[in-house]
Amino acid sequence: MPAINVFKAARDQSHASRIFDLSEMPLRDLNQALHNLTPGSNETAWEVLHPKGSHSVAVGVDQPITIDVRGSVGYYCGGMNDGSAITVHGSAGPGVGENMMSGSITVKGDASQYAGATGKGGLLVIEGNASSRCGISMKGIDIVVHGNIGHMSAFMAQSGNLVVLGDAGDALGDSIYEARLFVRGKVESLGADCIAKEMRPEHLELLQGLLDRAGVTGVKAAEFKRYGSARTLYNFNIDNADAY
Amino acid sequence: MTYRNPPTTPRKSATFDDYTLSEIRRAAATGIYDIRGAGAKRKLPHFDDLLFLGASISRYPLEGYRERCDTSVVLGSRHAKKPIELKIPITIAGMSFGSLSGPAKEALGRGATLSGTSTTTGDGGMTEEERGHSQTLVYQYLPSRYGMNPRDLRRADAIEIVVGQGAKPGGGGMLLGQKISDRVAEMRTLPKGIDQRSASRHPDWTGPDDLEIKILELREITDWEKPIYVKVGGARPYYDTALAVKSGADVVVIDGMQGGTAATQEVFIENVGQPTLACIRPAVQALQDLGMHRKVQLIVSGGIRNGADVAKALALGVDAVSIGTAALVALGDNDPRWEADYNELGTTAGAYDDWHEGRDPAGITTQDPELMKRVDPIAAGRRLANYLKVMTLEAQTIARACGKNSLHNLEPEDLVALTIEAAAMAGVPLAGTNWIPGKNGF
């Protein structure tokens, strides 16, 4: 499990963080330095200062390190992350954690559109709210949002889990495939082929595990409803054309 | 003697021709639109409507078998640390594993590598067959993001952000259930056997300002090493080219409506988008207006068949062309040797386009293990290499006749048009006149 490596990396900080100040050094040098890390490197704790809404902060990282970003970021922070544990101490612009492979990203503030888009794995935690299209086209990622999510979230979601402690906007899970959606609050409306489903013991167990991994306390899995695909649009049938 | 009125010859409607009638009957019987592969089949203004002038008293030719005529091209020199250099200006267009069989993808890689050119992945991720057998591999970044991962991004030689394709500008990919084998399903993270209809828009960006940020992200992930292409269908070539350049693309790829697809609606293929010929001059004009012609390279695809088409496209200002359908034919697609099998499917060699059904007698557009055995990747790769060699020699023959020591020195002044339409689209004079429709005030 990549997550174990991540937490191990976080515990093993026997030395000071490597600090990278984006007000003094260009973004390109930050990402290059992160990509230059090799397995076993002892530079396992990184701190990024003054991001000031920069796009593409810490993208394509493929080592089990921790990265603390002190401030808000622009588009695609942690894009294609593969094993690192990134914490954004601020809010994140569109596409945070897009196409994440493994590892984790935690956003202390809010996230804009497309959070976790097409993510293949890992854990994305938004401690605030997430905007529209959260988890769009997700392919295995786990996303936990403490607040609410906007419209068209989990559009064409293929696999993985989306957990929302607050409410979900319009057209949740439109054209969803095999992803699982757990919403604790109100769902404004469900999208094409997305239905409420029975919460069986295995789902409660799965959800509790996700809540634990995301550091959520005081909330029980039983408070959520599960949504997923009715699977009626999986093979084209002309009599379903009105659904689109 | 009785007088009999002379009979009239039965007359079929040009509007309601046999094909149209059959399509109405088919729609009425099935209640679903027709889905097929390939590109536009209707007659369109094309490279056939252009002619080269050749040498004369005022232009002298190069010796055909003695004087050198350069064919190489460098792609991605604008921003990439590692631009790619191809020996010939003919690349293999993106075609997915899933729509094509593994042996077919391998054959494309083998043929392209023998010829010193590139192949391109498709809407299904990167396979070992194509990475292993393609010296230069362009990795497509598509709306679906099936199989997209940073490791493959870094082992690609270039990245192509696909906004659209010529057969269906504004449409997403389509792969019907019968072609979703275990392996295809796993690569796409989808259940086996379901119809897979990819998104038509990218999930995490919309518009040119976002595209610029997306390109920045891909450059940052790959440490600014890889050339980044932006591919669009032939819709608004002037503005699409200008916006791709503004967004930071190294290479712009424009695919006209004759460009093939694995599967989409017939009505889409035949009625949306512009012919390849109509796309080239506006795209070149956009590059020239921005001072970026030859700095950002232009690749054009859709109906390129021979060296004359290559030479004409280059003369109009493109840097390279791309082939898909023609490459499949070189591998063995629609070969008359399988005529009996085509007949069983209700079609004939040369007309088979139900690539989405996965029953391709030639073993190319299928995931059927028995059918795909009909493609010998080594022999088919050799045929593709032969074909690419012939196209290159043909283009060189024409270029030398026009006095050019490089294919890229061909220019619009070497061309005339046979029809007013082609003259207007290509911006070259109608043969025998100095008239370019739309220029000089009329």
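How many of the five residues of strand β8 (residues 158-162) of chain B are buried? To find out, begin with the conventions and then move to that strand.

This is a predicted model, in which local features need pLDDT of at least 70 and side-chain atom pairs count only at pLDDT 80 or more, while totals for chains, interfaces and linings use all residues. Residues are numbered from 1 along each chain as its sequence is written, and chains are lettered from A and ligands numbered from 1 in the order in which they are written. Helices (H or I, at least four residues) and strands (E, at least two) are DSSP runs, numbered from the N terminus.

**Stop 1: strand β8 of chain B**

Select residues 158-162 of chain B: five of the five residues of β8(B) are buried, where buried stands for 20 or more other C-beta atoms within 10 Å of a residue's own, exposed for 12 or fewer, and partly exposed for the range in between, with C-beta atoms placed from the backbone. In a regular strand the side chains alternate between the two faces of the sheet. Here A158(B), E160(B) and V162(B) point one way, whereas I159(B) and I161(B) point the other way, and all are buried.

**Stop 2: the sheet around it**

Widen the selection to the open sheet of eight strands in chain B, whose order is β5-β15-β14-β12-β11-β8-β7-β6 with parallel pairing; two strands pair if DSSP finds at least two bridges between them. At the edges are β5 and β6 of chain B, each of which pairs on one side only. Neighbouring strands of this sheet are turned by 25° against each other on average, direction ignored; axes here are lines fitted to C-alpha atoms, for helices over the stretch in contact, and angles run from 0 to 180 degrees between N-to-C directions.

Now follow the pairing from the β6 edge. β6(B) and strand β7 (residues 136-141) of chain B pair in the parallel sense over three bridges, with T136(B) in β7(B) as the bridge partner of S118(B). β7(B) in turn pairs with β8(B), again in the parallel sense, over four bridges, and A158(B) in β8(B) is the bridge partner of V138(B).

**Stop 3: helix α2 of chain B**

Select residues 102-115 of chain B, the 14 residues of helix α2, which reaches 20 Å from its first C-alpha to its last, close to the 20 Å expected at 1.5 Å a residue; the expected span is 1.5 Å times one less than the number of residues. Because 11 of the 14 residues of α2(B) are buried, the helix is largely enclosed by the rest of the structure. Among the buried residues are P103(B), L108(B), R110(B) and S115(B). Their cover includes β5 (90-92), β6 (118-120), α3 (128-133), α11 (325-331), α13 (369-372) and α14 (377-401) of chain B, with contact counted if the C-beta atoms of two residues, placed from the backbone, lie within 7 Å. The helix is followed by G116(B), whose phi is positive, near 75°.

**Stop 4: helix α6 and the contact between chains**

Show both chains: the contact takes 22 residues from chain B and 37 residues from chain A. Helix α6 (residues 207-221) of chain B gives the most to the side of chain B that touches chain A, with five residues. That side of chain B divides into 12 nonpolar, four polar and six charged residues; Ala, Val, Leu, Ile, Met, Phe, Trp, Tyr, Cys and Pro count as nonpolar, Asp, Glu, Lys and Arg as charged, and the others, Gly among them, as polar.

Staying on α6(B), note that its buried residues, including L211(B), I213(B), K214(B) and I221(B), pack against α2 (27-35) of chain A together with β7, α4 (150-155), β8 and β11 (228-233) of chain B. Just after the helix, D223(B) takes a positive phi of about 55°.

**Stop 5: the sheet of chain A**

Select chain A, where an open sheet of 11 strands has the order β1-β2-β3-β4-β5-β6-β7-β8-β9-β11-β10, with mixed pairing. β1 (18-21) and β10 of chain A each have a single partner strand, so one side of each is left without a neighbour in the sheet.

Both senses of pairing can be inspected here. Strand β5 (residues 102-107) and strand β6 (residues 123-126) of chain A pair in the parallel sense over four bridges, and L124(A) in β6(A) is the bridge partner of I105(A). Strand β9 (residues 180-183) and strand β11 (residues 225-229) of chain A pair in the antiparallel sense over three bridges, with F182(A) opposite R226(A). R226(A) is also the bridge partner of K197(A), where strand β10 (residues 194-197) of chain A and β11(A) pair in the antiparallel sense over four bridges.

Finally, select helix α3 (residues 201-213) of chain A, which lies across β6, β7 (139-145), β8 (159-164), β9 and β11 of chain A and runs at about 70° to β8(A).
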